[in-house]
Amino acid sequence: MAAAAVGARALRGTGRPVLRAGWGAGWRRLWALSGRAAAAASSPVGASSGSGALSPFDRRLKRKQKNWAALQAEPAKCDYLREEVGSRIADRVYDITRTFPLALDVGSGRGYIARHLTKETVEKLIQVDIAENALKNAVESEIPTVSVVADEEFLPFKEDTFDLVVSSLSLHWVNDLPRAFREIHQVLKPDGVFIGAMFGGDTLYELRCSLQLAELEREGGFSPHISPFTAVADLGHLLSRAGFNTLTVDTDEIQVNYPGLFEVMEDLQGMGESNCSWNRKPLLHRETMLAAAAIYREMYGNSDGSVPATFQIFYMIGWKFHESQARPAQRGSATVSFGDLAKIDGLLSRGKK
Amino acid sequence: MSGRGVWLRARTRLRRFPALLAGCGEQAAAYGRCVAAAAAGTTELRRDACLEEFRALQDCFARAAKATPK
């Protein structure tokens, strides 16, 4: 516990005047401060250079939705997707044969990554989430954990603090994704690594198309009900613009079968993934839902009567620069030419001698 | 629309939908086929392109809702 106290003191000395990390009783104060900062910073005045972000998401509503989801009678009922992705991220952490003294979990929810990690890999973990109920109901893990209520875009930590930052399925609701990546890059130590997973591209395309066609046929027009997702090419660009090196981005598709459209929407709500875009339509007519359910079953249904819902997950790994990291060789330093590829056997045997 | 009561009642009503819809599989499939065909066609999907199929589906659904006690 002495180490934890020292760590807390070190983190409290953050250079930014607005946000102060307060452990324990200071939780709510921290949220109130970063809430004001969020409101001030995300107003589309375009004061900060290079962001130009329009803030498509209502973060206060997202917080309420996540709090509601965490207070459900059986919070573990809708956790399957996050559990699966959390375990895959933990696999990627294990692939890096290092021990991380201090790690950060951005948008942790009820802690889906911590339960798969061991004390040998991560010595101390700080979990950050926008919803305090999720943190309060967090699952036990063997790693000593501290929970902080904060917004992913306004991390209240000093520069060069963490050896490892993980983030599982929470960055797709962030208003200013470039800024969130920059913040993560900033709080990482040199030679630190960021391992993240977020929904992308084709996620829930069946639901999106069914609702779109139903609204077109029933109401004559349609409005977006699924939030926009990042494309994989953009993700690479965003990460390198934020300063990460040695990027790895790979995609994975998880298909979950449901009895029908209503069950899909109910589980999405239970996961805290309800729509919170500012431009969402507040009302979905019952007729439209009925029509969408029929279209979903007919266009995408499986032979056994269930309907699939596709979740496309992008996993990304990015490193913060350090001199010890491998760098591409200088131009003109090659000793062998590609034209000699046909004689590779001769070259290899010459090398062995 | 305000107040918790409205929201809770709406959710209870909504929870019955999958069961009621299960009994109208034929009409739902017919409607789905009509929309898929209209969307795949050369012209854009217009409003009420599959009106008859939807009315059939709605009638079946309403009958199922009246038949089963709440």
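A residue counts as buried when its relative accessible area is under 20%. By that cut-off A:His185, at 15% relative accessibility, is a buried residue, and it makes a convenient entry point into this predicted model. A:His185 sits in helix α6 of chain A, which spans residues 177-187. Leaving out neighbours within four places in sequence, the contacts of A:His185 are A:Ala242, A:Gly243, A:Phe244 and A:Lys320. One of these partners, A:Gly243, is 58 residues away in sequence, yet the two C-alpha atoms are 6.8 Å apart in space.

Helix α6 also holds a salt bridge of its own. A:Glu183 and A:Arg179 both belong to this helix and are four residues apart, about one turn. Their closest N and O atoms are 3.6 Å apart. The two ends of the pair have their own surroundings: A:Glu183 is buried, with a relative accessible area of 6%, whereas A:Arg179 is partly exposed at 25%.

It helps to step back to the whole assembly. The predictor assigns the complex an ipTM of 0.90 and a pTM of 0.78. For chain B the mean pLDDT is 85, and 93% of its residues reach 70 or more. Chain A contains 11 helices and seven strands, and of its 353 residues 51% count as buried. Sequence-distant pairs are well represented in chain A: among contacts between residues at least 6 apart in sequence, 78% join residues at least 24 apart. The accessible surface of chain A amounts to about 16,800 Å², with 55% of it belonging to carbon and sulfur atoms.

The interior can be described next. In soluble globular proteins, nonpolar side chains tend to be buried together. Here the largest nonpolar core has 68 residues, and those with the most contacts inside it are A:Ile89, A:Leu164, A:Ile195, A:Leu207, A:Phe311, B:Tyr31 and B:Leu57. Helix α10 of chain A (residues 286-300) gives this core its largest share, nine residues. Another core lies apart from it, with 28 residues that include A:Ile126, A:Val174, A:Val187 and A:Phe314. For B:Leu57, a member of the largest core, the contacts beyond four places in sequence reach into both chains: A:Leu290 and A:Ala294 from chain A, and B:Leu21, B:Cys24, B:Gln27, B:Ala28 and B:Tyr31 from chain B.

A polar residue can be buried as well, as A:Gln127 shows with a relative accessible area of 4%. A:Gln127 lies in strand β2 of chain A, residues 122-129. Beyond its neighbours up to four places away in sequence, A:Gln127 touches A:Asp105, A:Ser108, A:Gly111, A:Ala114, A:Leu135, A:Ala138, A:Thr145, A:Val146, A:Ser147 and A:Val148.

Charged pairs add a further set of links, with 18 salt bridges counted over all chains. In one of them, A:Glu83 pairs with A:Arg115, the closest N and O atoms being 2.1 Å apart. A:Glu83 lies in helix α4 (residues 80-95) and A:Arg115 in the loop between β1 (100-106) and β2 of chain A, so this pair ties together parts 32 residues apart in sequence. A:Glu83 is partly exposed, with a relative accessible area of 25%, and A:Arg115 is also partly exposed at 25%.

A second pair joins A:Asp163 and A:Lys189, whose side chains meet at 3.4 Å, N to O. This salt bridge links distant parts of the chain, with A:Asp163 in strand β4 (residues 162-168) and A:Lys189 in strand β5 (residues 188-199), 26 residues apart. A:Asp163 is buried at 9% relative accessible area, while A:Lys189 is partly exposed at 30%. Salt bridges also form a network that takes in both chains, linking A:Glu217, A:Arg218 and A:Glu287 with B:Asp48.

Finally, some nonpolar side chains are found at the surface. A:Phe338, A:Leu341, A:Ile344 and A:Leu348 make a nonpolar surface patch of about 460 Å². Within this patch, A:Leu341 is exposed, with a relative accessible area of 51%. A:Leu341 belongs to the loop between β7 (307-319) and α11 (344-352) of chain A.

Terms used: Residues numbered from 1 in each chain as written. Chains lettered and ligands numbered in written order. Predicted model: local features only at pLDDT ≥ 70, side-chain atom pairs only at ≥ 80, totals over all residues. Heavy atoms only, no water. Patch = residues over 30% accessible without salt bridge, like charges linked within 9 Å, V, L, I, M, F, W, Y side chains within 5 Å. Areas by Shrake-Rupley, 256 points an atom, 1.4 Å probe, with all protein chains shown as cover. Salt bridge = Lys/Arg side-chain N within 4 Å of Asp/Glu carboxyl O. Helix = DSSP H or I, 4+ residues; strand = E, 2+ residues; numbered from the N terminus. Buried < 20%, exposed > 50% of the residue type's maximum accessible area, 1.4 Å probe, protein only. Core = buried A, V, L, I, M, F, W, Y, C linked by side-chain atoms within 4.5 Å. Contact = heavy atoms within 4.5 Å. pLDDT = per-residue confidence, 0-100.
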